[in-house]
Structures are given as structure tokens and as C-alpha cells.
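Reader: Before we begin, may I ask how the terms used for a structure are justified? Please set each value against its definition.

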Amino acid sequence: MSANTILLVEDEPEIRDLLGFSLGRAGFQVWESPTAEDAIQRLDGALPSLVILDWMLPGMSGVDFARRLRRDPLTAEIPIIMLTARGEETDKLKSFDSGVDDYVTKPFSPRELIARVKALLRRSGTPESGRIEHGPLSLDLNAHQLSIHGKPVPLGPTEFRLLEHFMTNPGRAFDRSQLLDRVWGRSVYVEERTVDVHILRLRKALQPHGLQHVIQTVRGVGYRYLQPE
Ligand code: CA
């Protein structure tokens, strides 16, 4: 769930290589998939910030894959950019119908696509800078470093991902199985009480700074993050 991860689903190797390279140079982490089926397997472990999806794919089409992403509550919110061939007006309409957020017509320049990616990430509230700042809390998503009042605070990798998930969803309550899905990934088998152990560790790391209360227990549900002033 790193903030700057792009899932690129494109069957043409030349376009995939070019885009992968350009997105990488622009500071994004890129997962490349030649088919929708391959992309589905990847999504089992972790979620990207945005999906770039070719319309014409062997096997499952880009539109069907987009619909599938929208149907699943876990992936419904991920922004999607569809790549279409020139002038396919009805295709464009259909892709909006499938829940696609934007489309780019081939041939296009990587620069144009990256501009669209950045605009869409801004609109969807994903921090493009790779940093989330809430009051004294600052999370550097590239360096995987938490700072409080500008001072680095050591945090285990799971606690970091938990805090990242909470800080990108302030005020929302999550039950333990939702947290397991979103922070640990679906393919990992972990008992629900493991969540409590890591919540405890996260609070312990925040406690010396008087910030343990930002992680709240929601009785009968699970946990919620309250953004500090
Ligand atoms: Ca294609």
C-alpha cells in the first residue's frame, strides 16, 4: 500500500517498457502485468495507488477488469486510467460506464500520461509528495519513516503500514478483518488477535509523545484513527 505504486496492465511489451521506465523515472513504483489475470494475482497481496489499464487485452478485457475492481469493496476506490485506441468514442463512453476515472488515447506521450496520473492522484487525495502530515505526525512513505515534531520515531514495518492505513483514512472505523485485508494482504493467514498486538505496539511507540489516543478502540467494531491537531 505504498502511496506511489502504480499497477500497469498492458500486453504490448514496447508500451509497457516505455511506460514502466517513464513512471519509474517520475518517482513511482511500478508493478507491470501483461494480462488482467496476472494483475488479479498481484492484487491479492497488496493494493496500488492507481491502475493504468489497457482496453484491449488478451483474455479478460480492460473494461471487465475495471468492473471487477469496482465491484470489490477492497479495490472500489482505486483510481483507474484506461488506455484506448484512437477515436473509439463509444469505447470511451463504455469505459466511463465501467467506473474508469480517466482515459488516454493511443498514441500518447508518457509525459501526458504522467500528468494525468498526478492529477488523478491529487483528486483522489493520495499524497503525491510521498508524505502524510497530520499535526505533529509526519509519515515519509518513501523512506518508511515516522517523525513526531520533526524527530524520527522507530516503528516496525507492520506498525508503519497500520499507521499509514489509518492516516489515509482518518475518522473511519475498521474491524480486525478489514485491517488484516488492507494492511497484511489477503493471501496472508494471520489470526485476528494479531491486529491487537500490533495496535498495542503502535500505541506504545506514540505514547512517549502523548499521541497514543490517536488510535481509538471502537467498542464492538475495531479501531479508528483520529487526526491530531
Ligand atoms: Ca493491448
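**Domains and a calcium site**

Author: The model is predicted. In this model, 29 Å separate the centres of domain 1 and domain 2, taken over C-alpha atoms. The domain assignment gives residues 5-124 to domain 1 and residues 131-225 to domain 2.

Reader: How do you know how much area domain 1 and domain 2 bury between them?

Author: The size of an interface is often given as the accessible area lost when the parts come together. For domain 1 and domain 2 this comes to about 470 Å², with 46% of it on carbon and sulfur atoms. On the side of domain 1, D44, G45 and L74 supply 77% of the area buried against domain 2, more than any other three residues. By class, the side of domain 1 that touches domain 2 has two nonpolar, one polar and two charged residues.

Reader: How many salt bridges does the rule find across this interface?

Author: The rule finds zero salt bridges between domain 1 and domain 2.

Reader: What makes D11, D54 and M56 donors of the calcium ion?

Author: For calcium, a donor atom must lie within 3.2 Å of the metal. The atoms of D11 (OD), D54 (OD) and M56 (O) lie 2.1 to 2.3 Å from the calcium ion, so they count as donors under this cut-off. Along the chain, their spacing is D-x42-D-x1-M.

Reader: Why is D54 called buried or exposed, and why M56?

Author: Buried means under 20% relative accessible area, and exposed means over 50%. D54 has 3%, so D54 is buried. M56 has 57%, so M56 counts as exposed.

Conventions:
Residues numbered from 1 in each chain as written. Predicted model: local features only at pLDDT ≥ 70, side-chain atom pairs only at ≥ 80, totals over all residues. Heavy atoms only, no water. Donors = N, O, S within 2.8 Å, 3.2 Å for Na, K, Ca; no water. Buried < 20%, exposed > 50% of the residue type's maximum accessible area, 1.4 Å probe, protein only. Domains from an automatic or database assignment. Buried area = accessible area lost by both parts, 1.4 Å probe. Salt bridge = Lys/Arg side-chain N within 4 Å of Asp/Glu carboxyl O. Nonpolar A, V, L, I, M, F, W, Y, C, P; charged D, E, K, R; others polar.
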